[in-house]
Amino acid sequence: MGRAVTALSRSRPLTNVAAVGLGVGTIACYFDTGQNLTFFEIDPLVERIASDRKLFTYLSDCGGNARIEIGDGRLGLAAAPDGHFDLIILDAFTSDAIPVHLLTREALQIYLAKLSPTGVLLVHISNKYVELAPVLGAAASNLGLTALEYMYSPTPRELDRGGYASDWIVMAEKPDSLAEIRTNSGWQPLRPGGRDALWSDDYSNVFRALKWDQLLWGRRRD
């Protein structure tokens, strides 16, 4: 995410940013006081934990301009003004839960409507058990979007400091919106997913997207 934000900031001001999924508030530290950051978080307990300085200080240290809205992220973004955000970050997926309604074709259409003309959607898809890249690849193909993927692997030094591998996808309606990101060789074109990989509000198939080798290997270990 840091690589994407740094690259995007070189080509345009990221004045208004939305993040679906608060976690412990680390995303706030990628932005400064001149930027407006809105978190959409469905669980009020998560907000209480992230705001407790005895536990985490990301929001208190970096989130001076951050605003937190409690509620479903898709509904919260749907209520926002069209064209308002320069960047929307989806960071609400874990290996234990996949909010399918955040990744459907209709959901992406909502996000695109809320982005500025040069706006970008950044999606964190790291997951042990579900392969989400084909789902977003199918959606990008269906909606005519440019999409790139970065599969980050930490260096040994970063691993020693607690680094984790992560998988990110960036999407935009205009190819030029991703010009700066393309200069980093780590970003590769996202493969178009098959038509049957496309999720909609009427159809989704998480079963098909499961990483069966990972599931079965983990079961054997147990």
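**Exercise 1. Which residue in strand 7 stands opposite Glu149?**

Before the steps, some ground rules apply. The model is predicted, so that local features need pLDDT of at least 70 and side-chain atom pairs count only at pLDDT 80 or more, while totals for chains, interfaces and linings use all residues. Residues are numbered from 1 along each chain as its sequence is written, and side-chain values use heavy atoms, with hydrogens and water left out.

Step 1. Find the strands, bearing in mind that helices (H or I, at least four residues) and strands (E, at least two) are DSSP runs numbered from the N terminus. Strand 6 covers residues 146-152, and seven bridges join strand 6 to strand 7 (residues 166-172), the two running antiparallel.

Step 2. Read off the partner: the residue of strand 7 that stands opposite Glu149 is Ile169.

Step 3. Turn to the other neighbour, strand 8 (residues 188-189), which pairs with strand 6 in the antiparallel sense over two bridges; two strands pair if DSSP finds at least two bridges between them. Here Leu148 has Pro189 of strand 8 as its bridge partner.

Step 4. Check how far strand 6 is covered, where buried means under 20% relative accessible area, exposed over 50%, and partly exposed in between (1.4 Å probe, protein chains only). Six of the seven residues of strand 6 are buried.

**Exercise 2. In what order do the eight strands of the open sheet lie?**

Step 1. Write down the order, which is 3-2-1-4-5-7-6-8, with mixed pairing. The edge strands are strand 3 (66-70) and strand 8, each of which pairs on one side only.

Step 2. Look at strand 5 (residues 115-124), where His124 is found. His124 counts as buried because its relative accessibility is 17%.

Step 3. Examine the side chain of His124, which is joined to that of Ser126 by a polar contact of 2.8 Å. A polar contact is a pair of N or O atoms within 3.5 Å; within protein, one must be able to donate a hydrogen and the other to accept it, and residues adjacent in sequence count only if both atoms are side-chain atoms.

**Exercise 3. Which residues does the disulfide join, and where in the chain do they lie?**

Step 1. Search the whole structure for a disulfide, meaning a pair of cysteine sulfur atoms within 2.5 Å; the search finds one. This disulfide joins Cys29 to Cys62, with an S to S distance of 2.1 Å.

Step 2. Place the two ends: Cys29 is in the loop between strand 1 (16-20) and strand 2 (36-41), whereas Cys62 is in helix 3 (residues 58-62), so that the pair, 33 residues apart, links distant parts of the chain.

Step 3. Determine the hand, which is right-handed because the torsion about the S-S bond of Cys29 and Cys62 is about 85°.

Step 4. Compare the exposure of the ends: Cys29 is partly exposed, with a relative accessible area of 36%, and Cys62 also counts as partly exposed, at 25% relative accessibility.

**Exercise 4. Is Pro134, in helix 6, buried or partly exposed?**

Step 1. Locate Pro134 in helix 6 (residues 133-143), and note that at 31% relative accessibility Pro134 counts as partly exposed.

Step 2. Relate Pro134 to Ser9: the two are 125 residues apart in sequence and 28 Å apart in space, C-alpha to C-alpha.
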